[in-house]
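Biologist: Thanks for joining me to look at this one. Could you take me through the model, one question at a time?

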Protein chains: 2
Amino acid sequence: MAGVSTATVSRVVNRPESVSEELRTRVNLVIEQLGWVPNAAARALSSNRTGAIGAIFPALALGDFARAIDAMQDALAARNHLLLLARSQYDPDLEFSQARKLVERGVDGLVLVGSTRSAAFESFLSRIEIPYLNSFVFDAESPVPCVGPDNAVSMSEMVDHLVSLGHRRFGMIAQTTRNNDRAAARRDGVRNALARVGLAIPPQGLVEGEWDIAEGRKLFRRILDATPRPTAIICGNSMLAVGAVLEAAAAGVDVPGEMSIVGYDDIELMSELPIPITTVRVASDDVGRVAADTVLDMIEGRAVGSQRIRSQIVVRASSGPVPSD
Amino acid sequence: MAGVSTATVSRVVNRPESVSEELRTRVNLVIEQLGWVPNAAARALSSNRTGAIGAIFPALALGDFARAIDAMQDALAARNHLLLLARSQYDPDLEFSQARKLVERGVDGLVLVGSTRSAAFESFLSRIEIPYLNSFVFDAESPVPCVGPDNAVSMSEMVDHLVSLGHRRFGMIAQTTRNNDRAAARRDGVRNALARVGLAIPPQGLVEGEWDIAEGRKLFRRILDATPRPTAIICGNSMLAVGAVLEAAAAGVDVPGEMSIVGYDDIELMSELPIPITTVRVASDDVGRVAADTVLDMIEGRAVGSQRIRSQIVVRASSGPVPSD
DNA sequence: TTGTAGGCGTTATCAC
DNA sequence: GTGATAACGCCTACAA
């Protein structure tokens, strides 16, 4: 219709500067009139690139993941890429099968969460030859690039904060560590930081749960029964912390007078509750943004390394000096 | 490698019953050994179907949308389809451009939120010839299938609940109605239900906000200053309601003794706060599931109609009899 | 039941 | 600067 070959149309669309201005405008006009849009499948088949990045998250609506996803989408869009999202529900098998699907779909790169996976998954990843990275974890030594906070260090800092307030008896409502190396790292970060000052969490002071408020309440109750009762409770995520704080109020436990409660991940609710909650704030949007840029850099063959994303303790009213007894 | 033609491999993969058992196992074995996966681009190019459904939501992490997305993904996976998610941030232009991108990507169907859109978007949708539907709204008359609750009716029921408790002076913290026909329908549902019993919200009793707790607090403060002070406040979403209830507590307003506060959308937090919040619970996962099945049915050429998704009032402690004055 | 071959809409490699 | 034309990997008549 424009009186040119398909090759020229392709040039107009992909490398407009390589074509004469006259043709360019003529072709663009026709494209406009026809409402023509390039066929992504044909393009992918021919160029062996889809312009899509796959990402597999345990869940899509959790505070930190949600922020990372938003940021990632924006960063990818800025470089003309699309994000294909999948959800593993903390199930390694599902994660693997979702990865297969995304690869079948021809994603140019893959963003995963965490760094521990089955041998089968590992070998699949090494076979497929597309770049991938681990997000929400950090390990400078890792052969595959990591983009995330150092979970253990974040939690150690939280322990330091509480120890400096005089706390010596600790409890922890950890997020389930099964299939979750970030949660395990956070728990270990607490343990190690305590060990450094000669402290430890007694067995009955360490409980594990998923991530809803009801679970936080229930587990907080359980820790309350421990003797001696801890003066500081560290929660593995935001919802568990919210549950613990709400249950403390319901049980008439004075926070932070009798007991300090802290969390991990800073969602709006943490600061809006009657007793705002001390927590670890991870720059999750940076995780998403940097992960996007890193995986695109890898695709373009640039050398990339692991990047640690900053996190900080946000001190609020839920943590305070140890009770004088 | 299996000593068969590519056509046979294709049959083994797509219509295994049409191939002899011997060949089937032989081919499958080789597929396994090779780690071969079908190339989705080639498949799409050849069959003119990508097996992907696009969905554009205002946001991905909001309670009701998040649940719908999860359910949709599962329902699509059960029928061998992939969900491509995009986010419009309540911006009609962005929604349109995301739709274009998804269509370029070759999605077989589209799930949209709401039913009002620009003429340009409308005409684009009618041109592209791929099935699409409106979710989270219901309109039996609509030419394009709808899958969602009847926002207006849900809110009317809430008004009826409050009226039956004796309330006559109402305030509303509506979700911004700009670019949001669901929010507008909810607001109108309130208005109409009130009008039916000869009541109305005074101008200073109706405020609009987005959807975070801080905003709920701020707007609640504003309504508190209204004279006469309303005895019942209806919030347009869950976060606004949470903010209102928290601010009421902070301001020393007895809920529901002095004032009833209700919300829309039932997230876990609503029932876990010190004063659990009366709200409208929409079966959002049904929205997602039914939307997925409906759009797939449309793709397969089956006749489909609009489907109303159930919603119900969940009465909790935040609503009670009007104060005796 | 299985193989042959054309075509899907681009991109990329050559010529010109 | 532009046009032919051969891939790209699969699906699907059609033929055997």
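Biologist: Which residues does the domain assignment give to domain 3 of chain A?
Modeller: Keep in mind that this is a predicted model. The assignment for chain A lists domain 1 as 6-38 and domain 2 as two segments, 51-149 + 284-310. Domain 3 of chain A is given as 151-282.

Biologist: What distance separates the centres of domain 1 and domain 2 of chain A?
Modeller: Domain 1 of chain A covers 6-38, while domain 2 is made of 51-149 + 284-310. Taking the centres over C-alpha atoms, the separation is 34 Å.

Biologist: Happy to move to the DNA. Which base atom type of DNA strand C does a polar side-chain atom of B:R11 lie 2.4 Å from?
Modeller: B:R11 is among the closest of the 23 residues that surround DNA strand C. Of the strand's atoms within 4 Å of the protein, 63% belong to sugar or phosphate and the rest to bases. For B:R11, the partner at 2.4 Å is a base oxygen.

Biologist: And which phosphate contacts does DNA strand C have, for example how many Å from a phosphate oxygen is the polar side-chain atom of A:W36?
Modeller: Chain B offers a backbone N or O atom of B:S5, 3.2 Å from a phosphate oxygen of DNA strand C. Chain A offers a side chain: the polar atom of A:W36 lies from a phosphate oxygen of this strand at 2.9 Å.

Biologist: How many charged residues does the surface near DNA strand C have?
Modeller: Helix 1 (6-14) and helix 3 (40-47) of chain A, with helix 1 (6-14) and helix 3 (40-47) of chain B, each give two or more residues to this surface. By class, there are 10 nonpolar and 10 polar residues, and the charged ones number three.

Biologist: Now for the other strand. Which element gives the largest share of the surface near DNA strand D?
Modeller: DNA strand D is surrounded by 22 residues, with A:T8, A:R11, A:S20, B:S10 and B:S46 the closest. A polar side-chain atom of A:R11 lies 2.6 Å from a base oxygen of the strand, and phosphate oxygens lie 2.7 Å from a side-chain N or O atom of A:S20 and 2.8 Å from a polar side-chain atom of B:S10. Helix 1 and helix 3 of both chain A and chain B give two or more residues to the surface. The largest share, four residues, comes from helix 1 of chain B.

Biologist: Away from the DNA, is A:D266 buried or exposed?
Modeller: A:D266 sits in the loop between strand 9 (260-264) and helix 11 (268-272) of chain A. Its side chain makes polar contacts with the side chains of A:R281 at 3.0 Å and A:R316 at 3.1 Å. The relative accessible area is 12%, and the cut-off is under 20%, so A:D266 counts as buried.

Biologist: Last one, my friend: which residues have the most contacts inside the largest nonpolar core?
Modeller: That core has 94 residues, and apart from it lies another of 50 residues, including A:A244 and B:F220. Beyond its neighbours within four places in sequence, B:F57 is in contact with residues including B:F65, B:I69, B:M72 and B:F136. The residues with the most contacts inside the largest core are A:F57 and B:F57.

Definitions and conventions. Residues numbered from 1 in each chain as written. Chains lettered and ligands numbered in written order. Predicted model: local features only at pLDDT ≥ 70, side-chain atom pairs only at ≥ 80, totals over all residues. Heavy atoms only, no water. Core = buried A, V, L, I, M, F, W, Y, C linked by side-chain atoms within 4.5 Å. Buried < 20%, exposed > 50% of the residue type's maximum accessible area, 1.4 Å probe, protein only. Contact = heavy atoms within 4.5 Å. Polar contact = N/O pair within 3.5 Å; in protein donor to acceptor, adjacent residues only side chain to side chain. Domains from an automatic or database assignment. Near = heavy atom within 4 Å. Nonpolar A, V, L, I, M, F, W, Y, C, P; charged D, E, K, R; others polar.
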